[in-house]
Amino acid sequence: MKERFMNLATCLIAMSLTGCSGENGATSQETVTPSTAIKEQLANTVFTNGNIYTVNPEQPSAQALALKDGEIIFVGDDSQVQNFIGDNTRVINLQGKMMMPGIHDVHMHPLESGSDTTHFSLNETETDVEYFIDDIIDAAARNPQASWLVGYGHTIEALLNAERNPREILDDAVADRPVIIMEQTSHSMWVNSKALELANITANSQDPIGGVISRDSFNRPDGILYDNAGDIVMEIAINAQTDAGAKDYQGFINYTQPELNKHGITAISDARTYWQRNHLTTWQELAKNNELSLRVSLGLWAYPEANDATQITRLLDMYQANPASLLKVNQVKFYMDGILNNTTAALHEPYEIDLLGLHGNKGLNYFTPQRLEKYLKALEPAGFDFNIHAIGDRGITEALDAIENTSNGKARHRLTHLELMDPKDYPRFAALNVIADAQVAGEFTKPQHWQENIDYIGAERADDIIPIGSLLDNNARLTLSSDWNVSTFNPFVGMANAITRTPQAISLADAIQAYTLNGAYAMRQDDITGSIEVGKRGDLIVLDRDLFNVSAAQIKNTQVEMTWLDGELIYQR
């Protein structure tokens, strides 16, 4: 990795916040001649005159920091750090700017969201899907070689409010080749007749595990595939693209990773690594080619329709947690349920409307708690931690039940999303050492939008959606993440929203810890990063403002001045 960043660091540091010493032959008033006794502790890089927020309760703040070979060897004040400065030490005056640990985003979709495997996007605010026909015809003309035309961006409400059968609308746009369009939440797909034909979905097809095939009054598929029914067809579409892996690779290198570094993100978890779509191969190529400037943990997708014994064997074969590598394959992604606004999130009590005709009208399970227990027993001893999608109160309870019944208590499993919760489950996170992962960066998560769920779950249940304040009150270990591209990956938007979402607001200190130390814990790297402490690695960011002395609105506009990974400069504004 040092070879990867050497030229970049040398180039960027010339534009640093102030002058340097040593490597460029310049001198600094802050440079002193070290004594012989401490020569072995001379730093490669020293930061002075900073407002350093450490996320370390034993030493919450500091002025100065010293790095040697990527490791933090000193955290303290400006006078003491002089002992670590030698002739070849790079000295950076932070000019009072705020430094903090690098951001961890433990739930995002970096390959999917940054790839050109999607040929076109639709306007998500359009309510009349008939207007999409011209856009889709246009996209087909622009992509004549695409065997499957893949799109993104519409709402399920727009399809459900259409006067015509959604399949027929799409057929009017393109009839001679398959079309699949992912709805903005990713929990349904809109397909034409050709796509249904190639996926062998007919009036006689049964709903797959964790999915629903929407049908018209004659029981024929109407072009909407909910949850896993849509995922199965999307996998066919992506695997039909012979260059999908190259597109994923280039999208990550050319856009996603630079943007993440620009926003101070130094560690991510891929929350849905579709290993049957060659995602794992792409990540391994990135690591092999020394292209990573992030610490990455992969959450291997657990396919709901797979044979359990076969899938468990494959997952075990893919496990990798080499401490010398930036890439770890040490998590598995499970879905307990779907989402609220298509009535597939698993609930204790029925929905207010019956959209899909599911038994009991209480949503669906991708994995039952019994199946989840089977995977816990098989995979936890190997070192896997589970990242479990759970949105409805029943899905959350069932996931916690499975962990309570099966886990040895030493794993670092987490439940993610946590939208509608039974208050009885709040204290169970701390009791079971389960991480509570939430996303609040999206506008739709704000309290003023909670009423949008009333039609589905009623006014009483629609209150306190994503109750991060209540979870912290019950001593849960909280992480905040983006679920990008469902929400922006800008962590400062997430922090600002977290501290203003009354009655479920949290403190800024708790929000920062959720994005740093707690995220590092979830990725099993809190021993080396997540806080600024002697002995940890130099994953650091410098900000253009003090987050503790500005308004929430100003926090959203925070700019990252510099991002460091393992003591190497990987981004400078």
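**A friendly note on the strands**

1. Let's start with one pair of residues: Met-100 has Ile-541 in β22 as its bridge partner. The strands involved are β7 (residues 98-101) and β22 (residues 540-543), antiparallel and joined by three bridges. Two strands count as paired if DSSP finds at least two bridges between them. Strands (E, at least two residues) and helices (H or I, at least four) are DSSP runs, numbered from the N terminus.

2. A word on the source: this is a predicted model, in which local features need pLDDT of at least 70 and side-chain atom pairs count only at pLDDT 80 or more, while totals for chains, interfaces and linings use all residues. Residues are numbered from 1 along each chain as its sequence is written, and side-chain values use heavy atoms, with hydrogens and water left out.

3. Now step back to the sheet. It is open, has six strands and mixed pairing, and its order is β3-β2-β7-β22-β23-β24. Because β3 (61-62) and β24 (568-572) at the edges each have a single partner strand, one side of each has no neighbour in the sheet.

4. Next, look at β17 (residues 327-335). Nine of its nine residues are buried (under 20% relative accessible area, 1.4 Å probe, protein chains only), so the rest of the structure largely encloses this strand.

5. Which strands pair with β17? Strand β16 (residues 295-301) does so in the parallel sense over five bridges, and β18 (residues 385-390) is also parallel to β17, with five bridges. Gln-331 of β17 is the bridge partner of Gly-299, and Gln-331 also stands opposite Asp-385 in β18.

Notes:
Buried < 20%, exposed > 50% of the residue type's maximum accessible area, 1.4 Å probe, protein only.
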